[in-house]
Amino acid sequence: MNPTATHPTATHPAATSLTAATPDATPETMSPPVEAGGGGHLRADGVTVSRGSRRVLDDVSVTVSPRARIAVVGENGRGKTTLLHVLAGLLTPDAGTVHRNGTIGLARQELSARDGETVGTLTSEALAASLAALGALDEATRAMAEDDPAADDRYAAALDAATRLDAWDAERRVDVALEALGACTDRGRPLATLSVGQRHRVRLACLLGARHDVLLLDEPTNHLDADGLAFLTRRLREHEGGLAVVSHDRALLRDVADRFLDLDPTRDGRPRLYAGGYDAWQDARRRERERWEQDHEEQLAEQRRLRDAVSKARDRLSTGWRPGKGTGKHQRQSRAPGVVQALHRQQNALDAHRIDVPEPPPVLRWPDLGVRAGAPQVRAHGVAVEGRLTGPVDLTLDGGDRLLVTGPNGAGKSTLLAVLAGALEPTHGHVRRAQGARIVRISQETADLEPGLTAREVHARHVGRLLACGALRDAEAVPLGALGLLDSDAMRTPVGRMSQGQRRRLDLALALAGRPGLVLLDEPTNHLSSALVDALTEAIRATDAAVVVATHDRQLLRDLAGWPRLHLA
């Protein structure tokens, strides 16, 4: 194939699953792929995609070269998944081009199961190229035995293709991946009978077992346990070709990615590609953000200065034209023309001043919760919940305390937090909450809020309820805009039209509105961007409130490794 051919409208025949053919090829005519890491690549130039009046991607350019390890990052709704689909050929951009060379494997978040598809359907797709190469090798071998004059060349080509694919080991690789990810190995099992998580693991195992030149992965850590996460990380580090991954899993990004394509808003409106690992991306992003905020504030300060100068010149003009009683009347009137000229100069300077640095997006500003160190919050004695939390659990939580709750799914982590918050009564033991203690719980899923209300209205009603029941004084309420969790547009958006990430931010804002003394966080990284999770982690380390975190998030566990830990079995 022509390595520089442009395929802005190409669709990969098998890209709707986790395997993909070479561009413009059908499964019957598919040519053997180039060696993984030996030349397969993707290059997007000036890609733009719009959804109605909203521009999802704007002039995005990126190259996924052999051995590239690119993380595509940004808030929900910034177009990360859209970009992967454009790169894979599933979506045609409104502007820009995509050049493709080699084979592409795409792991999508949406995992549908078509009628009649089985586990074997997916494994067969993953093994198709290797089986075809072995078949061509067998055919060439027979032709050599029949003294076909062209057999030598065909045999050499077939052997080269099979060697590049390591075709003899292909089936074992798929079996190893299925086992390591805890996926179903029964080839006859219909996909429709598997759970979403089980289907995800089967498809991911098939992707990792095949040898694609470029891997495009959209939230690949979903539905994986610790062993599966370790296997995935190892396989991606070993992958010889290019890789682009969209993930909220900061541990995966730290362990795998060496470049970060950040789609979040920037000063000039263009996406940024940062070289280096996770920390280098965060440091560069922070420095750029600080310069952006400083330049914007300097322009605002200059505008305020010019407005003040105009106001003072106008005051002088008014005073100068108004003859005072007594002496000096003619002196004051003679100065009036100069004052008029000064006013015009100041007004012209104000009119000429432009704020061309856009307002930076908000960043998390955790409020001072005003909790005294050691102030009693909760006492739990012998707590257990029948069928949900095996006890007894004894806890003492005071102002400034920290606790990390760990354990496998079903061990009762969420149940314990619900009991501490008073949302669930224990079947054994009891919980005592200090008088006046303000306790909030942020659960794994977003709160059930009235969809027609805007975020600002939801916040106002929530604060109103706290005031009405005496849980909060008016002066203590934390304004929605003071937290830096939602920008002005998001605050005016009806809840029903918010993204999951925005809803999650609103949940956090509602929890902080009443200045709680105890904050219970159940999987707090769900639906939040890596940058916000890092800011949240820093905030909960520093807050004077007591904090309890229940999580499986590997990076959060690393970041909070020094906290006292309660492990539920």
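**Entry 1: terms and model**

I begin with what counts as an element here: helices (H or I, at least four residues) and strands (E, at least two) are DSSP runs, and they are numbered from the N terminus. I also note at the outset that this is a predicted model.

**Entry 2: helix α1**

I first looked up how α1 sits in the model, and I found that eight of its nine residues are buried, so the helix is largely enclosed by the rest of the structure. The cut-off I need for this reading is that buried means under 20% relative accessible area. The buried residues that I wrote down for α1 are Lys 80, Thr 82, Leu 83, Leu 84, His 85, Val 86, Leu 87 and Ala 88. Going on along the chain, I came to Gly 89, which stands just after α1 and takes a positive phi of about 90 degrees.

**Entry 3: the second largest pocket**

I then asked myself which element gives the most to the lining of the second largest pocket. The answer is again α1, which contributes four residues. The pocket itself has a volume of about 1500 Å³. Its lining is made up of 44 residues, and those closest to its centre are Glu 219, Thr 221, Asn 222, His 223 and Asn 526. Two or more lining residues come from each of the elements α1 (80–88), α6 (226–238), α10 (413–421) and α15 (554–559). When I sorted the lining of this pocket by class, I found seven nonpolar residues, 23 polar ones and 14 charged ones.

**Entry 4: Asp 213**

Next I looked up Asp 213, which has its place in the loop between α5 (196–209) and β6 (214–218). Is Asp 213 buried or exposed? Its relative accessibility is 0%, and therefore I entered Asp 213 as buried. I also looked for what its side chain meets, and a polar atom of that side chain lies 2.6 Å from the backbone nitrogen of Thr 103.

**Entry 5: strand β8 and its partners**

I turned to the strands and followed β8 on both of its pairings listed here. With strand β3 (residues 69–73), β8 pairs in the parallel sense over four bridges, and within this pairing Val 73 has Asp 262 of β8 as its bridge partner. With strand β9 (residues 272–275), β8 runs antiparallel, and four bridges join the two. On this side I noted that Phe 260 stands opposite Tyr 274 in β9.

**Entry 6: aromatic pairs around Phe 260**

I asked how many aromatic pairs the model has, and the count comes to three. One of them is formed by Phe 260 and Tyr 278, which are edge-to-face, at 5.9 Å centre to centre and with 85 degrees between the planes. Phe 260 belongs to strand β8 (residues 259–262) and Tyr 278 to helix α8 (residues 278–321), so this pair ties together parts that are 18 residues apart in sequence. I checked the accessibility of both: Phe 260 counts as buried because its relative accessibility is 0%, and Tyr 278 is buried too, with a relative accessible area of 3%.

Why is the pair of Phe 260 and Trp 281 called stacked? The ring centres of Phe 260 and Trp 281 are 4.7 Å apart and their planes are at 5 degrees, so I recorded the pair as stacked. This pair, too, links distant parts of the chain, with Phe 260 in strand β8 and Trp 281 in helix α8, 21 residues apart. Trp 281 counts as buried, at 1% relative accessibility. Putting these notes together, I see that ring pairs link Phe 260, Tyr 278 and Trp 281 into a cluster.

**Entry 7: the cavities**

Last, I looked up the enclosed spaces, and the count comes to four cavities of 30 Å³ or more. The largest cavity holds about 70 Å³ of space. It is lined by 13 residues, of which Val 73, Gly 74, Ser 247, Ser 529 and Ser 530 are the closest to its centre. I met Val 73 earlier as the bridge partner of Asp 262. At least two residues of the lining of the largest cavity come from each of α8 and α14 (530–542). By class, this lining has four nonpolar, five polar and four charged residues.

The second largest cavity holds about 60 Å³, and I listed its lining as Ile 442, Arg 504, Leu 508, Leu 521, Pro 524, Leu 528 and Leu 536. Sorted by class, the lining of the second largest cavity has six nonpolar residues, no polar ones and one charged one.

Methods: Residues numbered from 1 in each chain as written. Predicted model: local features only at pLDDT ≥ 70, side-chain atom pairs only at ≥ 80, totals over all residues. Heavy atoms only, no water. 1 Å grid on protein atoms, 1.4 Å probe; cavity = no way out; pocket = protein on both sides within 12 Å on 5 of 7 lines; lining within 4 Å. Points joined across faces, edges and corners; volume = space filled by probe spheres on them. Nonpolar A, V, L, I, M, F, W, Y, C, P; charged D, E, K, R; others polar. Buried < 20%, exposed > 50% of the residue type's maximum accessible area, 1.4 Å probe, protein only. Polar contact = N/O pair within 3.5 Å; in protein donor to acceptor, adjacent residues only side chain to side chain. Phe/Tyr/Trp six-rings, centres within 6.5 Å; stacked < 30°, edge-to-face > 60°. Pairing = 2+ DSSP bridges.
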